[in-house]
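Here is a short tour of one protein model. Keep the sequence and the 3D view open as you read.

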Amino acid sequence: MVVQAERRVSARIQQKQREEKLRLVKRRVELLGRSTGEVDDDDDDEITQSSSNASSKRGRKVEIIKEEEKISVETTTSGAELANGVVPNVVEKSDHAKVKDTLRLFNKYYLHEVQEEEQRCRKVEVDKKTSKKSKSKKRGVPEDEAKTKAKRPDLKAVSKMMKNNEILFPQKRIGDVPGVNVGHQFYSRAEMVAVGFHSHWLNGIDYMGISYQGEYKMYTFPLAVAIVLSGMYEDDLDNAEDVVYTGQGGHNLTGDKRQIRDQVLERGNLALKNCVDQSLPVRVIRGHDSSSSYTGKVYTYDGLYKVVQYWAEKGISGFTVFKYRLKRLEGQPILTTNQVRFINGRVPQSVSEIRGLVCEDISGGQENFPIPATNLVDDPPVAPTGYTYCNSMQVSKNVKLPTDAVGCDCKGNCMNCRDCSCAVRNGSDFPYVHRDGGRLIEAKDVVFECGPKCGCGPDCINRTSQRGLKYRLEVFRTPKKGWAVRSWDFIPAGAPVCEYIGVLMRTEDLDNAGDNENNYIFDIDCLQTMRGLGGRERRLRDVSVPTIYNSDRPEDQRVENLPDFCIDAGSIGNVSRFINHSCEPNLFVQCVLSSHHDIKLARVVLFAADNIPPLQELTYDYGYALDSVHGPDGKVKQMACYCGAEDCRGRLF
């Protein structure tokens, strides 16, 4: 989004020009390095003995590096810091951000595994249809191999993270885990394993073994560090902050919770007993049924509990079980069993339950679901005004859309990625999985969806972002950020939330208009994202785009270094215009091409970057650089950021 100033080129585009200059300088350094040959610091003697011509080239390289450093300082420091000669150090991510990044990596692996499983199931289905003479499958695949159930995608994902040493906290620890606060929700046991919060995907008790004795010489091992309380045992007793937990082992694994043999005081049971003897707390995670979770469960961190007592007794089924009484430590955020499903509030079940309702549906019936607006801040409460709601893109008069692109020849739904031309453009695979109504596996340079001239129907998986709103959204008033958006439904990572809708226009027309107060401009900067400008993370690049868009040659990019088009949602727009910025957003921007293949005019779609629980505010990163916005007088404008993220920069721009 852009805050406009009274000049031809907007502030954000000026920032892009500086970033593009830096990128071209780096490219020149690389090209010069190739022509002169890269050298190490240990090769100084050889450099001194080089010919005068070679020395001249190296001198030119040093000048370019200095220019690069100067540009880098200009684009990453404030005016006050430059005046004082201070270049700030790169701030390390907070533990909270590290946890979020780890879960995003897990979700990416998970969706890749889901994709492989979906492909396997499709192949089995095709083999069944083509098999005529016997039950054995095509190409000699044995029947039992085809019927073998694949390993769960979440377990395969966490196994890959273990193999790659990508578990955030691989070493177990006593007490809290950095970055996981009381109330944090995990959507599978595997997610807890990925973070290192609870390292067993099946066992209820996580404990340190004798291998930790060298690090903790003052303790007797094994020692329990975390337990999952999810009603798996018939003898469990949960009275909120006073819990009687049944030890592990001896119960029927078929799911009826019945005890079928005596428990033994070893492993996790012994570890909990040692916590009693040594007065050490354990982390308690509460598991509840959840239809939105891919495992059918949601796991919420309830805080630290002290194991105050243990004993053995005959259980309900007549077998010996070990019991442990746990009491919640004082001074922690309140979170009881009854509140665990609604830690962020309770989702209204009807219009009459909505507090502070100022508009029943801001879309006027244009969306798949009503979008209510609530205001508990203003007195008297007011509804959002000053715009016209529209759920389809409006095109400015001097913008001509390209003709519809040639589509794929698939019938019904696109199934075979080798035969579908749209899949080929996406790197010879479909960018989405079918699970949860369609989820994007990972962010890409650009996503090619099926369009008007494709043979497939509206239910094709490769039309996932074209189906309108899938989740019930609410616009609500905040004390410091104006209007904001949240969902009443759980949104899984990779799911499309909404498209940024407004008036499609040329950026130069907007700059000429000199509108200083329009904060609803979105540059269609797909090319800049592809090149990693402005601190953007380079994305998956296995897509088929015109050569000039992929070229790293400076002469090919000078013409294309600025966004030619933008979307103005100031006076006309949809719910996306109310979504706020965050320095730690839970949405990401994805450029999508469907009806045509002109990257400069790509659709801008917001996707879930994380598993988003109900009533959590939806946010994305506006992409401003500090000190990049100037007022009519040419002076730097500043705006405080109130996103509340642990890694908040303090300023929006």
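Buried means under 20% relative accessible area, exposed means over 50%, and partly exposed lies in between (1.4 Å probe, protein chains only). The model is a predicted one: local features need pLDDT of at least 70, side-chain atom pairs count only at pLDDT 80 or more, and totals for chains, interfaces and linings use all residues. Residues are numbered from 1 along each chain as its sequence is written, and side-chain values use heavy atoms, with hydrogens and water left out.

## Salt bridges

A salt bridge here is a side-chain nitrogen of Lys or Arg within 4 Å of a carboxyl oxygen of Asp or Glu. The structure holds 25 of them. Three are listed below.

| Pair | Closest N to O distance |
|---|---|
| K273 and D277 | 2.9 Å |
| D289 and K297 | 3.5 Å |
| R472 and D489 | 2.7 Å |

Start with K273 and D277. Both sit in helix α9, residues 267–278. They are 4 residues apart, about one turn of the helix. Helices (H or I, at least four residues) and strands (E, at least two) are DSSP runs, numbered from the N terminus. D277 is partly exposed, at 47% relative accessible area.

In the second pair, D289 is exposed, with 55% relative accessibility. Its partner K297 is buried, at 17%.

Now take R472 and D489, which form a salt bridge at 2.7 Å. This pair links distant parts of the chain, 17 residues apart. R472 is in the loop between β15 (447–448) and β16 (473–478). D489 is in the loop between β17 (482–487) and β18 (496–499). R472 is partly exposed, with a relative accessible area of 31%. D489 is buried, at 18%. Elsewhere, salt bridges that share partners join K100, R104 and D610 into one network.

## Strand β6 and its partners

Strand β6 covers residues 281–289. Is it mostly covered or mostly open? β6 is mostly covered, with 8 of its 9 residues buried.

Two strands pair if DSSP finds at least two bridges between them. β6 pairs with β3 (residues 223–229) in the parallel sense, over 4 bridges. With β7, β6 runs antiparallel, and 9 bridges join the two. R286 of β6 has partners in both strands: L229 stands opposite R286, and T300 in β7 is its bridge partner there.

The loop between β6 and β7 (297–314) holds S290. S290 is buried, with a relative accessible area of 14%. Contact means heavy atoms within 4.5 Å. Leaving aside neighbours within four places in sequence, S290 is in contact with G296, K297 and V298.

## Helix α7 and the loop beyond

Helix α7 spans residues 153–163. Its residues P153, D154, L155, A157, V158 and M161 are buried. The buried residues of α7 pack against α5 (95–130) and α8 (189–195). Just after α7, N165 takes a positive phi of about 55°.

P178 lies in the loop between α7 and β1 (185–186). P178 is partly exposed, at 23% relative accessibility. Which residues does P178 touch, not counting those up to four places away in sequence? P178 touches D95, V99, F169 and R173. V99 is 79 residues from P178 along the chain, yet their C-alpha atoms are separated by 8.4 Å.

## Cysteines

A disulfide is a covalent bond between the sulfur atoms of two cysteines. The cut-off used here is a pair of cysteine sulfur atoms within 2.5 Å. How many does a search of the whole structure find? It finds 0 disulfides.

Why is C456 not bonded to C450? The C450 sulfur is the closest cysteine sulfur to that of C456, but at 3.6 Å it is too far for a bond. C456 is buried, with a relative accessible area of 7%. C641 is in no disulfide either; the nearest cysteine sulfur, that of C643, is 3.6 Å away. C641 is buried too, at 11% relative accessibility.

## The segment after β26

R651 lies in the segment after β26 (619–620). R651 is buried, with a relative accessible area of 17%. The side chain of R651 reaches the backbone oxygen of F653 at 3.3 Å.

Terms used: A polar contact is a pair of N or O atoms within 3.5 Å; within protein, one must be able to donate a hydrogen and the other to accept it, and residues adjacent in sequence count only if both atoms are side-chain atoms.
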